[in-house]
Every structure is written in structure tokens, then in C-alpha cells.
Amino acid sequence: MSAGKALAPGCVIHGAGDLRVEDVPVPRPGPGEALVAVRYGGVCGSDLHYWRHGGVGDFRLREPMLLGHEVVGTVLSYGSPDTGGPAAGTSVAVHPATPCGVCPECVDGRRNVCRDTRYLGSAARFPHVQGGFAARIVVPAGQVRALPAGLDPRRGALAEPLSVALHAVHRAGNLAGRQVLVTGAGPIGCLVVAAAKAAGAAHVTVTDLLPAALEYARAAGADTLVRADDPDDPGRPVDVNTAIEASGVAAGLDTCLRLVRRGGTVVQLGLLPPGQSPFAGNLLVSREIELRGAFRFDGEFDDALRLLAAEPAFDALVSAVVPVREAASAFELAADRSRSCKVLLDFDAPPTAA
């Protein structure tokens, strides 16, 4: 793939605290590739980690990298006329993963844990996989999905994080009629609430430290909201079948293990800090609790698009849309959970007036 002479704005991370909006070359699609004009990009927790800390978990920045993996836009062209995919001019969402297709995990049908995957905006490999936060990007044509009829691209930008939530719910097993606990009411936690309700959960309780975050969980369909720092909160659940940990802190996992019933299931979705994390491991034995991990997603991406098209209530989780030239303020807002849920970058909007 070679770069053209045209330039377009992109969000490039150079190191911890060093986020720049730069004019980057517009790429040209090669055989089997699509050129997409990005309209919206959702700021994810991993994007914030690269911005704040220069890495995510054990994956550290070693070169400048375009951030972003939650993107929607419009197909502009393909690299060859026989490339299959939505017609030019179609509004699309981009599946951010390119599994290798040949490793044991891929062969076993678990492409989301492919040992050699490429994921937009990830420093897990070197050279890094450049992300989707640019006004023009090139991606494999097989990763482009047409938005269902009537799905606004702004809501469609939630497809990637909703896919993560749907995968966690699938890992939890059958939730029909179940009492479910979700720890953490960030964007992913709120989408887990919506996914659990869509899967038939009878009652979903959400815990978080921030009242504003809990209100977003209410908008997502939570039945009970609990302050995580108030042990006497009367809403604390007492008979939970399934718990999904979405906060990414050890205290959240500990809460799930202590509140889920004997023989229940706990799904760890939030990425814990690197290194060892203490938790009440003996409870796994004495209560025969099943502890399962949930990482990214695969086919759930198409399910997410259908669910988004059917549920206008998801609009309430998009708390702000910020022009890409003001990415610094967008990241500051996204990092402040007392003021935001999901923040989108708009690659087609002019900067706001000073």
C-alpha cells in the first residue's frame, strides 16, 4: 500500500501525554482493500491509556501511532474493481480485527483470541498497527460492514464497544430470567447492561463510585444502581446468578466473587492493571464459582449493528461529539467519567468557534 500526496487530519500518539492532531497522508487501497472516509470515532479506554501512560497493560508505544478502533464512515473506493463489499457511498462500520486465520485458536473458531491478530490502533506488535482516527483510512474489505437501514452513523459508532459487551454476555451463558451484577458503569459497563437486558436478564444491578456514571447505566436499562463505596446501600444484590466485572480494578473482581451465589458465574471483562492482582481465590473453590475471561469479540459485531438499529435508547450513551481538531479536549472529557460516557470525534466537522 502506498501513500498519496493528499493529506487528512489524524490523531497520532507519540508518548504519554503527547497526543497530536497531524495531517497524515491519505492512503491508497490495494487489492482487497477499501478506502473509507471516517465520520465518527469513539474514544475508548485503551486510547485513554495510550494517551495517559504511553501503553496499555504490557503493550508499550515504540513509535508514533494513529489511535482509534471504533470508527464509522463511508466507503469511497476499492483497490480493485472485483473487490467485494458495500458499494461506494455506503455508510459502514469497520470491524477492527484482522485474525491470522491459521493459528490453533482461529482454526478452533475463537478468532477473538488469535495469537497473531492485527487490531486497529494497537501497540501489541511492532511495527504497530495504525488505527482508525484519521479522516481517510484503508482497511481490508472484509472488515467493512454496511450500516443497517435507518441506523444513524453516530449511534453506529457504538458497534465496536457493544460487540465487546455482547461477547462478555455470551461468555456468561444463558442470562434469560437471571439476576445479573455488573461492576463498573463506564461505557463498556453500560453497554453490558444493555446487552444483558437484550439477552433476557430479569434484573441487572450496577455498581460504581460515581453517581453520574450510574445515571448512564440507568439509561442503558439497569434496574438497580448501587454506590460501590456504600456497604449499607439497600440496593446491594443478595442472590446474583451471574456477575460481569467491567471496571478493570481488583476491587470489582472481589465484589463479584463475594456477591455471586454458590455455583454462579463471574466474567472478567475489564482489563486489570499489569502484574498480579489480588482477589478472593478461595471463594472459587468453596463456592464452586466459575471465573471466565472475555476478550474482544468476533461475530458479535454484526449482532451489535442489528441491536443498535433496533434500539434508539443507545443514543443516550453518546455524551459528546467533538471536532477532531479539538481531540485534546475530547480526550480530557472522555477521561472525566463525572462528565461523560462515550465521547465521539467528528472527522467531518469544523472546529468550534473560539
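**Surroundings of Thr117 and strand β20**

In this predicted model, Thr117 is buried, its relative accessible area of 16% falling under the 20% that marks the limit for a buried residue. Thr117 belongs to the loop that runs between α2 (104-107) and β10 (118-119). Its side chain reaches the backbone oxygen of Thr98 at a distance of 3.3 Å, and Thr98 also appears among the residues with which Thr117 is in contact once neighbours within four places in sequence are left aside, together with Ala97, Pro99, Arg125 and Arg296.

A second buried element is strand β20, which comprises residues 342-346; because 5 of its 5 residues are buried, the strand is largely enclosed by the rest of the structure. In a regular strand, the side chains alternate between the two faces of the sheet. In β20, Lys342, Leu344 and Asp346 point one way, whereas Val343 and Leu345 point the other way, and the residues of both groups are buried.

Strand β20 is paired with two other strands, as follows. With strand β3 (residues 33-42) the pairing is antiparallel and extends over 3 bridges, and within it Leu344 of β20 is the bridge partner of Gly42. With strand β19 (residues 318-323), by contrast, β20 runs parallel, the two being joined by 5 bridges, and here Leu344 stands opposite Val321. Leu344 thus takes part in the pairing towards Gly42 as well as in that towards Val321. The connection from β19 to β20 involves helix α10 (residues 327-335), and these three elements make a right-handed β-α-β unit.

Note on methods. Residues are numbered from 1 along each chain as its sequence is written. This is a predicted model: local features need pLDDT of at least 70, side-chain atom pairs count only at pLDDT 80 or more; totals for chains, interfaces and linings use all residues. Side-chain values use heavy atoms; hydrogens and water are left out. Buried means under 20% relative accessible area, exposed over 50%, partly exposed in between (1.4 Å probe, protein chains only). Helices (H or I, at least four residues) and strands (E, at least two) are DSSP runs, numbered from the N terminus. Two strands pair if DSSP finds at least two bridges between them. A crossover is right-handed if, with the strands pointing away from the viewer, the path from the first strand over the helix to the second runs clockwise. A polar contact is a pair of N or O atoms within 3.5 Å; within protein, one must be able to donate a hydrogen and the other to accept it, and residues adjacent in sequence count only if both atoms are side-chain atoms. Contact means heavy atoms within 4.5 Å.
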